[in-house]
Structures are given as C-alpha cells and as structure tokens.
Amino acid sequence: MRRYLGGRTPEEWLGALLMTLVVVLLGFQVIARFGMGRSFSWLEEVSRFAFVWAVYFGFVIAAAGDRHIRVSLHIEMLPPKARLVMLTLADVIWLGFNAVVIWHGYHFTVSMFEFPYISQTTGINLVWVQMIVPLGFAFMSVRIVQVMLRRWRTGQGPVDSRIGE
C-alpha cells in the first residue's frame, strides 16, 4: 500500500492533510480578521477539530515507528532476549490501557449518537469530533501489534530518537 502512497502510511497522509487544513483555515482567519475586518467563528472551531484529529494521527505515527516516549536506560542494560520480553510486556500493558479507552470511548460515542451534543458555531454533532478517541486508540493498537511482531522477527529494540535516521 505504501507504494501507492508515496512511501507514506495512510495516517501520515491524513495527519499532514489535517495539519495543512489547520494552517490554511487559521491563515484565512487571520487575513479575514485583520485584512477585511471580518471574523468567521466556525473557522476556528473547524481548525480545532482538525487539530485534535491530527494529534491522534500523530500518536498512531509514533506508535508505528516505535517512537513513543519511554524510559529505556534500564532496558538497554538487559540482554537482547530479556529486552524483547520487557518491551513486549510494556506493550501488552499499553494494549490493555488502549482496550479500556476503546471500550469507554465506544460507549461514549454511542451515547453521543443517542443524545447529541451540537456544536455552537458549526451545528454539527460533536460525536464526529469525539469519535477519534476510540478510533485513534484502535489504530494505535494495530500499529503496536505490528511493532511487536516486527521486534520479535528482527530482534531490534525501540528506535532511539536521539540518533538521526
């Protein structure tokens, strides 16, 4: 699939697209406010929604690259096999946390369909914004499992973000 997406993952493209949307909308808002003396409140709200979604796609990108923040000094001291076991244990705990967030996020999302909370300026049901929470954690869980499998196949640990690529 990456071959068709220019070597990037779908979440990288969506995150970049959403951040571009944020910059364009806020740039237009600044031009409209200071250049034309008008303000569009819905632009700020839509850009905020796009930013929230972009942040969640950023989480997924970090999980896919095994680049989430972790204290790894003690892990580096372990032998390679013990390192893999500890990283796997940490990822399993992380997946458990994700499962809890997905479960409660799903039920919260369903309740927002039943009892809608409507945005003041755009008039949309905010369930479409809040839906990124269970979706983001589900996408992140898929990437975590992929990283765990890759780690066991290659024997490599997490990427050290202090070292250039």
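In which helix is Asp91 found? Asp91 is found in helix α4, which covers residues 80-114; helices are DSSP runs of H or I with at least four residues, strands are runs of E with at least two, and both are numbered from the N terminus. The structure is a predicted model, in which local features need pLDDT of at least 70 and side-chain atom pairs count only at pLDDT 80 or more, whereas totals for chains, interfaces and linings use all residues. Residues are numbered from 1 along each chain as its sequence is written, and side-chain values use heavy atoms, with hydrogens and water left out.

**Asp91 and Glu45**

Asp91 is buried, at a relative accessible area of 3%, where buried means under 20%, exposed means over 50% and partly exposed lies in between, computed with a 1.4 Å probe on protein chains only. When residues up to four places away in sequence are not counted, Asp91 touches Arg70, Ile144, Met148 and Arg151, a contact being heavy atoms within 4.5 Å.

A second acidic residue, Glu45, belongs to helix α2 and is buried as well, with a relative accessible area of 11%. Setting aside residues up to four places away in sequence, Glu45 touches Ser119, Gln120, Thr121 and Thr122. With Ser119, which stands 74 residues away along the chain, the C-alpha separation is 8.8 Å.

**Helix packing**

Two packed helices are described by the angle between their axes and the distance between the axes. The axes are lines fitted to C-alpha atoms, for helices over the stretch in contact, and the angles run from 0 to 180 degrees between N-to-C directions.

The axes of helix α1 (residues 10-35) and helix α2 (residues 41-64) come within 8 Å and cross at roughly 155 degrees. This makes α1 roughly antiparallel to α2, since angles over 145 degrees count as roughly antiparallel, those under 35 as roughly parallel, 65 to 115 as roughly perpendicular and the rest as oblique. The α1 and α2 crossing is left-handed, a label used if the near helix is turned anticlockwise from the far one by less than a right angle, with right-handed used if it is clockwise.

Helices α2 and α6 pack with their axes 8 Å apart at an angle of about 10 degrees, and α2 is therefore roughly parallel to α6. Here α2 passes α6 in a right-handed crossing. On the α2 side the contact includes Val52, Trp53, Tyr56 and Phe59, and among its α6 residues are Phe137, Phe139, Met140 and Arg143.

For α4 and α6, the axes are 8 Å apart and the packing angle is about 165 degrees, so these two helices are roughly antiparallel to each other. The crossing of α4 and α6 is left-handed.

The table divides the residues of each contact by class, with Ala, Val, Leu, Ile, Met, Phe, Trp, Tyr, Cys and Pro counted as nonpolar, Asp, Glu, Lys and Arg as charged, and the others, Gly among them, as polar.

| Contact | Nonpolar | Polar | Charged |
|---|---|---|---|
| α1 with α2 | 18 residues | three residues | four residues |
| α2 with α6 | 16 residues | one residue | two residues |
| α4 with α6 | 19 residues | five residues | three residues |

**Aromatic pairs**

Rings of Phe, Tyr and Trp (its six-membered ring) pair if their centres lie within 6.5 Å, and planes under 30 degrees apart count as stacked, over 60 as edge-to-face and the rest as tilted. By this rule there are six aromatic pairs. In one of them, the rings of Tyr56 and Phe137 have centres 6.2 Å apart and planes at 65 degrees, so the pair is edge-to-face. Because Tyr56 lies in helix α2 and Phe137 in helix α6 (residues 132-154), the pair ties together parts that are 81 residues apart in sequence. Tyr56 is buried, at a relative accessible area of 17%, and Phe137 is buried at 11%.

The rings of Phe97 and Phe137 are also edge-to-face, with centres 6.1 Å apart and planes at 65 degrees. This pair links Phe97 in helix α4 to Phe137 in helix α6, 40 residues apart. Ring pairs join Tyr56, Phe59, Phe97 and Phe137 into a cluster.

**The loop between α2 and α3**

Most residues other than glycine have a negative phi, and most peptide bonds are trans. Asp66, although not a glycine, has a positive phi of about 55 degrees; Asp66 is found in the loop between α2 and α3 (73-76) and is buried at 6% relative accessibility. Gly65 lies in the loop between α2 and α3 and is partly exposed, with a relative accessible area of 24%. Between Gly65 and Leu126, which are 61 residues apart in sequence, the C-alpha to C-alpha distance is 30 Å.
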